[in-house]
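Grab a pencil and open your viewer. Try each task on your own before you read the solution under it.

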Amino acid sequence: MKVLVTTFGGDGGKSGISQYIIQFLKYCREFGPDMTFDVLLYEDEKPVYTDHDPGLNAICLEPRWRRAAANILWHQTHFPGFCRCNGYDVVFIPGGNRRLPWRSPCPTVAACHDLGILHVPDKYDALHSIYNRHVLRALLRRQSHLVTISEASKRDIVSYTGVPEESVTVIYCGADTDCYQPGDKNEARAHVCEKFGVDAPYLLYISRIDHPGKNHIRLIEAFGLFKAASGLPHKLVLAGSDWSRAAEVHAAAEASRYAADIVFTGFAPAADLPALYRGADVFVFPSLFEGFGIPVVEAMRCGVPVACADISCLPEIAGDAARLFDPYDAASMAGALQDLLADEELRSRYAARGRERALRYNWRDSTKQTVEAIRRTCQGLA
């Protein structure tokens, strides 16, 4: 069985979708011994996606198709002929939220991670909003089978597209079990101090700096309320690349009474993430919408107590292993932080629950189930 895997829309390793692609490619050949995998990507992304496994056949698309609009056009004009010429039996499209073909000569399995546009109206600019609200719906209906990463996202997809429930398979994401494990907190803090200059206890949020969807500004307000009420020395560490409307987030931090205690690390390499998690007293995740919320599981695996929003998929993923709060209410968020920081026993309890909960989610199981969905679709069984 000859399988094409596309990497477009993954942001070259800097987004949750790219992590999803990376982990799939790490394990896919283990669970698809009867399959050969071609990976369509750009030349400079080979170290991110394929260099780890010479058994993956990397095919590079010309740079002229790199811009989003051009790449979307390629999918509608060149994709069918490309698949036909290469004789693919089935195509897996991990970035189905962002890149999908209208036509295909072979079955397609597309991963639709979430439909955040339905829940965060200001998340995208006008052109992206038109695409997501009108074009994406039609494209999703044209795929042979859809996979998604939570029951919450499946409900959205079925409601939004009218695709039958049986045509959408829920397969949870995971966390890298080799990287994300409990470790020595003092060693982690020493690393974070040396690498990022954080020389005090801290609260951590890992996410691209993206307004309004990732909700940084309300978190900054909540941090101010928490600091004023508690008098604790904690800093707020915001790790992630600047993204849409990041300037507004930086301006809010600069205007805060506690600006000196708010640290932007910029893009944090994967090698530094375990130490960032392990060194934190609390991991806070205030996002207004998520399809899964991989950082929540990564933090739990590292033994860090988690406080997160009580909307979208997050209660489904976190269960009773996180202190939930209303992400639209800064006081609710601040209260969750204060509760955890004021009670060491409570933090320990949530940390223990989190470690147990996180065992449910791993990339090997996720990839195994995805490969099976690809196989069933190719055989006309999905």
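Here are five exercises on this predicted model, each with a worked solution.

**Exercise 1. Work out how compact the protein is as a whole, and what its surface is made of.**

Start with the inventory: the protein has 15 helices and 13 strands. Next, take the radius of gyration, which is 21 Å; the globule rule gives 21 Å for 382 residues, so the protein is as compact as a globular protein of that length. For the outline, the C-alpha trace spans about 65 × 40 × 40 Å along the principal axes. Now look at the contacts with a separation of 6 or more: residues 24 or more positions apart account for 68% of them. Burial comes next, and 57% of the 382 residues count as buried. That leaves the outside, where about 15600 Å² is exposed and carbon and sulfur atoms supply 50% of that area. As for charge, there are 42 positive and 46 negative side chains, with the centres of the two sets 4 Å apart.

**Exercise 2. Find the largest nonpolar core and say which helix gives the largest share of it.**

Begin with the general expectation: in soluble globular proteins, nonpolar side chains tend to be buried together. In this model, the largest nonpolar core holds 98 residues. Those with the most contacts inside this core are Phe24, Leu25, Phe92, Leu204, Leu276, Tyr277 and Phe283. Then ask where the core residues come from: helix α1 (residues 16–31) supplies the largest share, with nine residues. Zoom in on Leu25 and skip its neighbours within four places in sequence; Leu25 then touches Val5, Val39, Tyr49, His52 and Leu56. Don't stop there, though: a second, separate core has 29 residues, among them Leu4, Ile59, Ala110 and Val163.

**Exercise 3. Decide whether Glu45 is buried or exposed, and list what it touches.**

First, place the residue: Glu45 sits in the loop between β2 (36–41) and α2 (46–49). Second, check the accessibility: at 9% relative accessibility, against a cut-off of under 20%, Glu45 counts as buried. Third, leave aside the neighbours within four places in sequence, and the contacts of Glu45 are Thr7, Gly12 and Arg66.

**Exercise 4. Look for backbone oddities in the loop between β8 and α8, then in the loop between β12 and α12.**

Take the β8–α8 loop to begin with. Pro212 lies between β8 (202–206) and α8 (216–230), and the peptide bond from His211 to Pro212 is cis, with omega near 5 degrees. Asn215 is in the loop between β8 and α8 too. Its phi is near 65 degrees, a positive value in a residue other than glycine. Asn215 is also buried, with a relative accessible area of 3%.

Now move on to Ser312, in the loop between β12 (306–309) and α12 (314–318). Ser312 has a positive phi as well, near 50 degrees, and it isn't a glycine either. At a relative accessible area of 25%, Ser312 is partly exposed.

**Exercise 5. How many residues of helix α11 are buried, and what does the backbone do just after α11?**

Count along residues 294–301: eight of the eight are buried, so helix α11 is largely enclosed by the rest of the structure. Read off the names and you'll get Ile294, Pro295, Val296, Val297, Glu298, Ala299, Met300 and Arg301. Notice that the list of buried residues includes Glu298 and Arg301. Finally, step just past α11, where Gly303 takes a positive phi of about 80 degrees.

Notes:
Residues are numbered from 1 along each chain as its sequence is written. This is a predicted model: local features need pLDDT of at least 70, side-chain atom pairs count only at pLDDT 80 or more; totals for chains, interfaces and linings use all residues. Side-chain values use heavy atoms; hydrogens and water are left out. Helices (H or I, at least four residues) and strands (E, at least two) are DSSP runs, numbered from the N terminus. The radius of gyration is taken over C-alpha atoms; the globule rule is 2.2 Å times the number of residues to the power 0.38. Buried means under 20% relative accessible area, exposed over 50%, partly exposed in between (1.4 Å probe, protein chains only). Contact means heavy atoms within 4.5 Å. Accessible areas come from the Shrake-Rupley method with a 1.4 Å probe; for residues, only the protein chains shown count as cover. Lys and Arg count as positive and Asp and Glu as negative; His and the chain ends are not counted. The place of a charge is taken as NZ of Lys, CZ of Arg, CG of Asp or CD of Glu. A nonpolar core is a set of buried Ala, Val, Leu, Ile, Met, Phe, Trp, Tyr and Cys residues joined through side-chain atoms within 4.5 Å.
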